[in-house]
Amino acid sequence: MITSPAFQASDALRPLPFDPSKLNGLSERLVRSHWENNYGGSVKALVVVKKRLADAMGEKDLPPYVYNDLKREHLVRTGSVVFHEHYFDNLGGNGKAGAQERQTIGQAFGSFDNWEGEFRRIGAGLGGGSGWVVLGFNLHTRQLENYWMADHAHGPAATVPVLVMDMYEHSYQMDYGAAAAKYIDAFFENVNWDRVAARLAAASAIKT
């Protein structure tokens, strides 16, 4: 069995950076279930998948297509863990963007309202299905853009997530049923713009 770092993962869940009983419009029951079952399930699954990959590396006669089934699951579970951690990390705020964030985003989209309108529209289009909406800074194009993602496995190339919204039904169904638009409103009321500002600054400082 391979024991190098690339084949290792921790089963420890990253703690919520806020009190889930104090969010506006998102119930503690919903948030805890989402964190423990959906995010937590992917954390645990990633540990299992990486162990299976390490074991499989020692099986010289294992067909490549069988190994690649594990690699696909590795990709999916990694994406789920990363985007869930970004999602929970950018919640817990008062939903009010600061002047600098509004200016930076406004310059990229023509206005802050233009940005928010597109972000919300992408989310509404994913309602009733699955996926993510990501405001990201593309290190290759040096552009700040909104991205549509249908699943955990297909993130935008060379892009640092700045703001992440989960649009899988598990993120809102318990509180809002099929009313995804109400969930999007609640999400915006709880954005931690300090975290968004920190991500923006860090991404902009990366040179490629």
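Contact here means heavy atoms within 4.5 Å. The model is predicted, so to speak of its local features takes pLDDT of at least 70, side-chain atom pairs count only at pLDDT 80 or more, and totals for chains, interfaces and linings use all residues. Residues are numbered from 1 along each chain as its sequence is written, and side-chain values use heavy atoms, with hydrogens and water left out.

**Exercise 1. Find W148, say whether it is buried or exposed, and list what it touches.**

Step one is the address: W148 sits in strand β2. Helices (H or I, at least four residues) and strands (E, at least two) are DSSP runs, numbered from the N terminus.

Next, accessibility. Buried means under 20% relative accessible area, exposed over 50%, and partly exposed in between (1.4 Å probe, protein chains only). W148 has a relative accessible area of 55%, so it is exposed.

Now the neighbours. Setting aside residues within four places in sequence, W148 is in contact with I122, L126 and W132. Its C-alpha is also 7.6 Å from that of G131, with the two positions 17 residues apart along the chain.

**Exercise 2. Work out how β1 is paired and which way its residues point.**

Start with the pairing rule: two strands pair if DSSP finds at least two bridges between them. Strand β1 (residues 132-138) runs antiparallel to β2 (residues 143-149), with 7 bridges joining them. On to β3: β1 is antiparallel to this strand as well, again through 7 bridges.

Then pick a residue and read across. V133 stands opposite W148 in β2 and opposite M165 in β3. At the end of the strand, N138 has Q143 of β2 as its bridge partner.

Last, the side chains. W132, V134, G136 and N138 point one way, V133, L135 and F137 point the other way, and all are buried. That's 7 of the 7 residues of β1, so the strand is largely enclosed by the rest of the structure.

**Exercise 3. Track down two residues, R142 and A158, that have positive phi without being glycine.**

Take R142: its phi is near 60°. R142 belongs to the loop between β1 and β2, a hairpin with 4 residues between the strands. Its relative accessibility is 33%, so it counts as partly exposed.

Then A158, where phi is near 55°. A158 is in the loop between β2 and β3, and at 42% relative accessibility it counts as partly exposed.

**Exercise 4. Describe the surroundings of H74 and E85 in helix α2.**

H74 goes first. It lies in α2 (residues 64-89) and is buried because its relative accessibility is 19%. Leaving out residues up to four places away in sequence, H74 touches L46, V49, K50 and L53. Its side chain also makes a polar contact with the side chain of K71 at 3.0 Å. (A polar contact is a pair of N or O atoms within 3.5 Å; within protein, one must be able to donate a hydrogen and the other to accept it, and residues adjacent in sequence count only if both atoms are side-chain atoms.)

Over to E85, also placed in α2. Its relative accessible area is 16%, so E85 is buried. With residues up to four places away left out, E85 touches R14 and Y39.

**Exercise 5. Say which residues line the largest cavity, and sort them by class.**

Get the rule straight. On a 1 Å grid over the protein atoms alone, a cavity is a set of points where a 1.4 Å probe fits but cannot get out, and lining residues have an atom within 4 Å of a point. Grid points are joined across faces, edges and corners, and a volume is the space filled by probe spheres set on the points.

The count comes to 1 cavity of 30 Å³ or more. L26, L30, V31, H34, Y87, F88 and S171 line the largest cavity. Two elements, α1 (28-56) and α2, give two or more residues to this lining, and α1 supplies the largest share, 3 residues.

To sort them, count Ala, Val, Leu, Ile, Met, Phe, Trp, Tyr, Cys and Pro as nonpolar, Asp, Glu, Lys and Arg as charged, and the others, Gly among them, as polar. The lining then comes out as 5 nonpolar, 2 polar and no charged residues.

Note on methods:
On a 1 Å grid over the protein atoms alone, a cavity is a set of points where a 1.4 Å probe fits but cannot get out, and a pocket is an open set with protein on both sides within 12 Å along at least five of seven lines; lining residues have an atom within 4 Å of a point.
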